Amino acid sequence: MISLNAIEKQFGSRILFDNITIALNPSHRTGLIGPNGAGKSVLMRILAGKESVDAGEVAMPDALRVAYLPQEIETEPDATPLENVLRPFAHVLDYERQIESLELSHRASAQQVRDGLAKIDRLHTDLQRHDAFTLEPKAKALLSGLGVPASSWDEDIRKLSGGFRMRVHLAGLLLQEPDFLMLDEPTNHLDMGSLIWLEKFLARFKGGMLVISHDRDFLNRVTDHTAELKHGRMRMCKGSVVDFFAWIEEHDSTEARRAANLQDKINQAEHFVRRFKSKNTKAAAARSKIKQIERLKEQLPDQRVSQHVIHFALPAATRCGVVPVKFENATIGYSETPVFSHLDLTINRHDKIAVIGPNGAGKSTLLKAIAGELSVASGTLLYGHKTEIRYFAQHRLEQLHPDQTLYDTISGIIGVNDRNAVLSVLGAFLFTEEDSRKKAGVLSGGEKSRLSLATILSNPGNVLLLDEPTNHFDIQSVDRLAEALTDYNGTVIIVSHDEFFISRIANRIIEIRPGTVRDFPGALTQYRGFIEAGFLPDSGEAGHPAEASAQPQPKKKSKQERIRKREAHKQVERRIAQLEQKIQETEATIDEYKTVLHDSANATNVTLLTEISAKLEEQESAYEHLLGAWEAASGQLEEVQLP
């Protein structure tokens, strides 16, 4: 058992852990949640022995082998990815030299002989335990499954992006097969294929886990217990994140009723004391009531500080054309290296698009190009009638005026100096009235991110470009933001690693990989289903199969593949049927509008003709989009043809 016994931790005036006592079963898979700044990463560092507590004790079995993945990695600068993964096993892989170094001369003492034989015995034990002759193939399978390009395995790891270096470190931890894994936001740098692979690997992993993640879908799939760290306290229950919040709601409701009953008794006792404490005949009874009050107050449950989450309804989108953004044969990139070549892409009004793919593939580049921050080298970028774009990205935090107060920042954006309106916007993004008087320059990174997002969403135009908007939000705030974007009647294009977030919003997926852009009409769950079934193979990312494993797969996999293939085939057929129905309905509507336009009786009704012409244009654009979606789905049907 991993025990936290009355631990305390404080940074300045901020209390992270307030006398926390809890036990973590090392065989359980526990998801650790809580608001940003609650101390989740600090707690994990303490468990990993990287940081100390101010008071209390942390205890775990000496024999428990723990592996820890932090959010930030410091990598050996002279190592290749493969060397980095195999580094913990260097003594085993170099067993021949190890044994030679332990050879004893004929003049060795009896003790030296015993020590040498013991070392050789330990080395042979390690060789057998780690199955040393399969370590390198396993390491390559792990790197492959996590999407690290095979072409980079023997190169300097410094050439890889931070996201890929994180994957290399994770592969090294998984190869060690520890008893207990501690993972701090392991999905931040993974594309969908690598995420699915990791989930399947963790499902086979025999040890316990403690996982920090803001992606509740990921936690629901890989954990069986949930712990929440908030306001210096920690609570835990068996089950998924969904189970936890249901339990919390019931638990807090019960505690609130108990607290109310106790407070009623305290109030009655205090009233008795105030009334009779001065009367000699009632003095003894009053003293008894005072002791009763003290006992009742000790029974009061902890009054947890209510958790604030963002809660914001976006203003209605301004009216724009049916195609607000369109690329035609566009080349986009930096200097002489294009990220996209011959790109044809149409964004329709009311699309809710998730742009997904591995880090470095060009997701943020696409958003920058749409926002006009990156010029199209050749081809065309067209904006529709009255298109108004709002773009949120982390680098835009620098565009906040450091000497401007939060109040003035929001007031300038919404165009009114109405105190209630400004404070309402700030409050929706967790800023208090006192915060409104602060200058933007003194805010933390997370606070600046929230303020920047508030400036975008309080005046959203009609096309929202959001690049990782949830980085500084807790799970409940992510949920509220997803609701607001779902209800928004404009166009939304999102880049995010949070599967839960985009699955609640997106009705169209654009997948970007090096040299490839694929447009998938449908929700993220459908796209994920195709990835899991292996029907949307990776394009150009070497060493990254749709299903890779450090362990040999059983032959029965072919049967499972056939089952998944049949289900994927049915999904595509249903999608095609839905599209064909919509196409027929749209064709009928177009014919009706044309009949009205060509009717001589309406020739002088300018208002009607103008209205019908606008509706006809909208329907014809929708018709083109449906045809494109139908063609894409038909192509997918060919890819998943049953044998």
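# A tour from H231 to the largest pocket

Select H231 first: with a relative accessible area of 38%, H231 is partly exposed. In this tour, buried stands for under 20% relative accessible area, exposed for over 50%, and partly exposed for the range in between, computed with a 1.4 Å probe on protein chains only. The model is predicted, with local features requiring pLDDT of at least 70 and side-chain atom pairs counted only at pLDDT 80 or more, while totals for chains, interfaces and linings use all residues. Residues are numbered from 1 along each chain as its sequence is written, and side-chain values use heavy atoms, with hydrogens and water left out.

**Positive phi at H231 and A6**

H231 sits in the loop between β8 (225-230) and β9 (233-238). Helices (H or I, at least four residues) and strands (E, at least two) are DSSP runs, numbered from the N terminus. Although H231 is not a glycine, its phi is positive, at about 55°.

Move next to A6, in strand β1 (residues 2-11). A6, also a residue other than glycine, has a positive phi near 55°. With 29% relative accessibility, A6 is classed as partly exposed.

**Helix α1 and its surroundings**

Colour α1 (40-47) by accessibility. This helix is mostly covered, with six of its eight residues buried: K40, V42, L43, M44, I46 and L47. Show G49, which follows α1 and has a positive phi near 80°.

Now display the side chains of R45 and E51, which form a salt bridge with an N to O distance of 3.1 Å. The term requires a side-chain nitrogen of Lys or Arg within 4 Å of a carboxyl oxygen of Asp or Glu; under this rule the model has 25 salt bridges. R45 is partly exposed, at 31% relative accessibility, and E51 is likewise partly exposed, at 23%.

**R221, E499 and D215**

Select E499 and R221, whose side chains are joined by a salt bridge of 2.6 Å, N to O. Distant parts of the chain are linked by this pair: E499 belongs to helix α17 (residues 499-505) and R221 to helix α9, 278 residues apart. E499 is buried, at 6% relative accessibility, whereas R221 is partly exposed, at 39%. Add E199 and R528 to the selection to see a network of salt bridges linking E199, R221, E499 and R528.

Keep R221 in view and select D215, in the loop between β7 (208-212) and α9 (216-222). Which side chain of opposite charge is nearest to D215? It is R221, 5.6 Å away, and D215 is buried yet has no salt bridge. For this assignment Lys and Arg count as positive and Asp and Glu as negative, with His and the chain ends not counted. A polar atom of the D215 side chain does, however, lie 3.1 Å from the backbone nitrogen of D217.

**T80 and L160**

Go to T80, in the loop between β5 (66-69) and α2 (81-86). T80 is buried, at 12% relative accessibility. Add L160: T80 and L160 are 80 residues apart in sequence, and their C-alpha atoms are 9.9 Å apart in space.

**The largest cavity**

On a 1 Å grid over the protein atoms alone, a cavity is a set of points where a 1.4 Å probe fits but cannot get out, and a pocket is an open set with protein on both sides within 12 Å along at least five of seven lines; lining residues have an atom within 4 Å of a point. Grid points are joined across faces, edges and corners, and a volume is the space filled by probe spheres set on the points.

The model has four cavities of 30 Å³ or more, the largest with a volume of about 160 Å³. To centre the view on the largest cavity, select L190, M192, I356, S496 and H497, the nearest to its centre among 16 lining residues. Both α8 (192-204) and α17 give two or more residues to this lining.

**The largest pocket**

Finish at the largest pocket, with a volume of about 1,100 Å³. Of its 43 lining residues, Q71, E72, E185, N188 and N471 lie nearest the centre. β2 (14-24), α1 (40-47), α7 (162-175) and α12 (363-371) each contribute at least two lining residues. Colour the lining by class to find 12 nonpolar, 19 polar and 12 charged residues. Here Ala, Val, Leu, Ile, Met, Phe, Trp, Tyr, Cys and Pro count as nonpolar, Asp, Glu, Lys and Arg as charged, and the others, Gly among them, as polar.

Methods. A polar contact is a pair of N or O atoms within 3.5 Å; within protein, one must be able to donate a hydrogen and the other to accept it, and residues adjacent in sequence count only if both atoms are side-chain atoms.
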